[in-house]
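Subject: Structure handover

Hello,

Here is the structure I said I would pass on. Please open it next to this email while you read.

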Amino acid sequence: MKQILVVDDEPMIRAGLTKLIKHYSQGVHAYAVPNGAEAVAEIRKQKPDMVFTDIRMPKMDGLELCRHIAEMNLNIRTVVISGYGDFTYAQKCLTYGVKEYLLKPVTELELYPVLDRLLYQEKVHSLSVSAYSEWLEQAETAIWSADFEGIDRLLLRWSGDDLCGALDTEQLEQTIADVLKALVKKLNARELYQFADTPPPKSAKNRDELFKHLESELIHWCGQLAQWRGGNQKSVFEEAKSYIDDHIAEEISLEAVAERVGLAPTYFSYFFKKMTNETFVQYRMRKRIEMAKRLLELPHYKIVDVGMEIGYQNYPHFSKIFKKMTGISPTEYRQMLGIK
């Protein structure tokens, strides 16, 4: 039977975590002590397989306890649990071989995957705790500052071995779910806005689809922030599209639209591409050609006037763009409709 020791000076948390662990499996025995000093004595006597420890405790804190466990060299897997404000302090434990870092309050959705990985998987390859902590810190900062280039760099790291290179698809799905929950906790701890995460869809069958879900969540939170900060009920994205559509025949620039919705041009450009899968120029061109088709269906409109109506003063240029987008010229389009 696996032995797990819980160390926390708060009786409610100590009892709650112990109960969760006991419900995890009949093959696990969980017991608890209120501080690091008593934990050291228990570890020497019982030699548990795993220790969950809080950071801030009387008599001996979690950092000192982690140091003692490392010096005992008993191959005990250690997991640190702490509040948001203890994050920097908790990072000091990483030098003592800590396997995981969990934010309070810990739920079974976060706890049980950790127990799976650390108790029963012979080839354990969970997130490196230092890489995990660093990534979460950087992701929180990137989202809060709408740094899309930074988010791109952070997403690229998920193809590297320091995060999930050796995880199979099922492990990766759970790991991404854990990461998103931890990130939501960090963002919500700022106490300005309330974020919510969505677990990876059941339809996600491969790594690319799981990575896409991770990307989608990060971009979605950035979009939420933009909307909340703007104070508009109408989303920034929808407002931008509406403005482009209303001025489709004008030579409006990306910078002008970004200013209209109150965003920096680089931020708006990245956000727009992520939401539409088109650049600003591609979107405007597509909308112009859609409008041109509607006008060409009206017999009283001259073809040359259609081009000018949608913002192309030069007919050859309009004809070239129309054929590029549709595969046929404006004249051929009308002939196809039976209009001469």
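Below are notes on confidence, empty space, backbone geometry and aromatic rings.

Confidence comes before the rest, as this is a predicted model. The mean pLDDT of the chain is 81, and 85% of the residues reach 70 or more. Strand S1, residues 2–7, has the highest confidence, with a mean of 93, while helix H4, residues 87–91, has the lowest, at 62. Over residues 122–126 pLDDT stays under 50, and for this stretch the model has nine contacts beyond four places in sequence. Where pLDDT is low, predicted coordinates should not be read in detail.

Next, the empty space. The largest pocket has a volume of about 400 Å³. It is lined by 17 residues, of which Pro113, Glu170, Glu173, Gln174 and Ala177 are the closest to its centre. Helix H5 (108–120) and helix H8 (169–188) each supply at least two residues of this lining. The largest share is that of H8, with seven residues. Sorted by class, the lining of the largest pocket has eight charged, six nonpolar and three polar residues.

There is also one cavity of 30 Å³ or more. Its volume is about 140 Å³. Of the 13 residues that line this cavity, Glu100, Tyr101, Leu102, Tyr132 and Asp178 are the closest to its centre. Strand S5 (100–103), H5 and H8 are the elements that give two or more residues to the cavity lining. H5 and H8 therefore appear in the lining of the cavity as well as in that of the largest pocket. The cavity lining divides into seven nonpolar, five charged and one polar residue.Now the backbone. Most residues other than glycine have a negative phi, and most peptide bonds are trans. Which two residues does a cis peptide bond join? They are Lys104 and Pro105, with omega at about -5 degrees. Pro105 is placed in the loop between S5 and H5.

Two residues can be listed for a positive phi. Lys59, which is not a glycine, has a phi near 70 degrees. Lys59 sits in the loop between strand S3 (50–54) and helix H3 (62–72). Is Lys59 buried or exposed? Lys59 counts as exposed because its relative accessibility is 72%. Asn75 is also not a glycine, and its phi is positive, at about 60 degrees. Asn75 is found in the loop between H3 and strand S4 (77–82). With a relative accessibility of 69%, Asn75 counts as exposed.

Last, the aromatic rings. The structure holds eight aromatic pairs. One of them is formed by Phe318 and Phe322, which are edge-to-face, with 5.9 Å from centre to centre and 65 degrees between the planes. These two residues are four apart in helix H15 (residues 315–326), so about one helical turn separates Phe318 and Phe322. Phe318 is buried, at a relative accessible area of 0%, and Phe322 is buried, also at 0%. Ring pairs also link Phe318 and Phe322 with Tyr312, Tyr315 and Tyr333 into a cluster.

Regards

Technical notes. Residues are numbered from 1 along each chain as its sequence is written. This is a predicted model: local features need pLDDT of at least 70, side-chain atom pairs count only at pLDDT 80 or more; totals for chains, interfaces and linings use all residues. Side-chain values use heavy atoms; hydrogens and water are left out. On a 1 Å grid over the protein atoms alone, a cavity is a set of points where a 1.4 Å probe fits but cannot get out, and a pocket is an open set with protein on both sides within 12 Å along at least five of seven lines; lining residues have an atom within 4 Å of a point. Grid points are joined across faces, edges and corners, and a volume is the space filled by probe spheres set on the points. Ala, Val, Leu, Ile, Met, Phe, Trp, Tyr, Cys and Pro count as nonpolar, Asp, Glu, Lys and Arg as charged, and the others, Gly among them, as polar. Buried means under 20% relative accessible area, exposed over 50%, partly exposed in between (1.4 Å probe, protein chains only). pLDDT is the predictor's confidence in each residue, from 0 to 100. Contact means heavy atoms within 4.5 Å. Rings of Phe, Tyr and Trp (its six-membered ring) pair if their centres lie within 6.5 Å; planes under 30 degrees apart count as stacked, over 60 as edge-to-face and the rest as tilted.
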